[in-house]
Amino acid sequence: MNKPLVGHDVLIHCYKHDGNIHRCWNKGFVLEETSEHFIVINNRTLVTESDGRKWYTREPAICYFPKHEWYNVICMIRKNGVHFYCNIASPTLYDGDALKYIDYDLDLKVFPDYKYKILDEEEYRQHKEQMNYGEELDDILNRQLDELIQMTMNMSGPFRPGFAEHWYHVYQQRIQRR
């Protein structure tokens, strides 16, 4: 049985379809775990890329990791509002060591005014061929991108106004009690 995660730091590991590590965060503080998702915050967190390059996140980010959906959403809290970076990715799981998911290249960047931009379509096409994603997986991933766009336009799920700010406030209250 896994220990309760809420209130603890966890590692976050991102892989590619071929099983190779893509990126690792050295910690994320778990704010909530339900049967549907993990909500994690990171701030000035060390990130290590697959090529060994290291960098730190710049601002607080609320990370929404669904357990059954093919995406995750990073809500970056900046002075000019919340910016969203959405990864089309496998459902997230916790294996007792780290939160883990597979990144499938396609990304959706959403600005505070809810305008959006699809990123990395060429990288997706290349990796789809190189790593043999298959038609069924391709259908799932493209359908998920469409659903994320609808969520953005409807301002629902992690895109709803106040979502990121609420979880940042929960985090601030938790660290004050330490």
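Trainee: How many disulfides does the count come to here?

Mentor: The count comes to 0 disulfides. Keep in mind that we're reading a predicted model.

Trainee: What is the nearest cysteine sulfur to that of Cys63, and how far away is it?

Mentor: That's the sulfur of Cys75, 7.8 Å away, and Cys63 is in no disulfide. The cut-off is 2.5 Å between the two sulfur atoms. Cys86 tells a similar story: its closest cysteine sulfur is in Cys75, at 7.8 Å, so the two are too far apart for a bond.

Trainee: Are Cys63 and Cys86 buried or exposed?

Mentor: Here the cut-off for buried is under 20% relative accessible area. Cys63 has a relative accessible area of 2%, so Cys63 is buried. Cys86 has 0% relative accessibility, so Cys86 counts as buried too.

Trainee: Let's move on to rings. What describes a pair of aromatic rings?

Mentor: You use two things, the distance of the centres and the angle of the planes. In this model there are 10 aromatic pairs. Take Phe29 and Tyr171: the ring centres are 5.7 Å apart and the planes meet at 65°, so you'd call the pair edge-to-face.

Trainee: Where in the chain do Phe29 and Tyr171 sit?

Mentor: Phe29 is in strand 2 and Tyr171 is in helix 3 (residues 163-176), so this pair links distant parts of the chain, 142 residues apart. With a relative accessible area of 5%, Phe29 is buried. Tyr171 has 19%, and that still makes it buried.

Trainee: What kind of aromatic pair do Phe84 and Phe159 form?

Mentor: A tilted one, with 5.0 Å from centre to centre and 55° between the planes. Phe84 belongs to strand 8, while Phe159 is in the loop between helix 2 (135-154) and helix 3, so the pair ties together parts 75 residues apart in sequence. Both Phe84 and Phe159 are buried.

Trainee: Which residues form one aromatic cluster?

Mentor: Look for Trp70, Tyr104, Tyr124 and Tyr133, which form one cluster. There's also a charge over a ring to check: Lys67 lies over the face of Phe38, 4.6 Å from the ring centre.

Trainee: Now the empty space. How much of it lies in the largest pocket?

Mentor: About 550 Å³. The lining of the largest pocket is made of 24 residues, and Arg23, Trp25, Trp55, Met76 and Tyr85 lie nearest the centre. The elements giving two or more residues to that lining are strand 2 (21-33), strand 5 (54-56), strand 6 (61-66), strand 7 (71-78), strand 8 (81-89) and strand 10 (98-110).

Trainee: Which element gives the largest share of the lining of the largest pocket?

Mentor: Strand 10, with 4 residues. Sorted by class, the lining of the largest pocket has 10 nonpolar, 10 charged and 4 polar residues.

Trainee: And how many cavities of 30 Å³ or more are there?

Mentor: The count comes to 1. A cavity is a space where a probe fits but cannot get out, whereas a pocket is open. The largest cavity has a volume of about 40 Å³.

Trainee: What lines the largest cavity?

Mentor: You'll find Ile12, Trp25, Asn42, Cys63, Phe65, Ile74, Asn87 and Tyr101 around it. Of the residues lining the largest cavity, 6 are nonpolar, 2 are polar and none are charged. Notice two familiar names: Cys63 is the buried cysteine we met earlier, and Trp25 is one of the residues nearest the centre of the largest pocket.

Terms used
Residues are numbered from 1 along each chain as its sequence is written. This is a predicted model: local features need pLDDT of at least 70, side-chain atom pairs count only at pLDDT 80 or more; totals for chains, interfaces and linings use all residues. Side-chain values use heavy atoms; hydrogens and water are left out. On a 1 Å grid over the protein atoms alone, a cavity is a set of points where a 1.4 Å probe fits but cannot get out, and a pocket is an open set with protein on both sides within 12 Å along at least five of seven lines; lining residues have an atom within 4 Å of a point. Grid points are joined across faces, edges and corners, and a volume is the space filled by probe spheres set on the points. Ala, Val, Leu, Ile, Met, Phe, Trp, Tyr, Cys and Pro count as nonpolar, Asp, Glu, Lys and Arg as charged, and the others, Gly among them, as polar. Rings of Phe, Tyr and Trp (its six-membered ring) pair if their centres lie within 6.5 Å; planes under 30 degrees apart count as stacked, over 60 as edge-to-face and the rest as tilted. Buried means under 20% relative accessible area, exposed over 50%, partly exposed in between (1.4 Å probe, protein chains only). A charge sits over a ring if NZ of Lys or CZ of Arg is within 6 Å of the ring centre and within 35 degrees of the ring normal.
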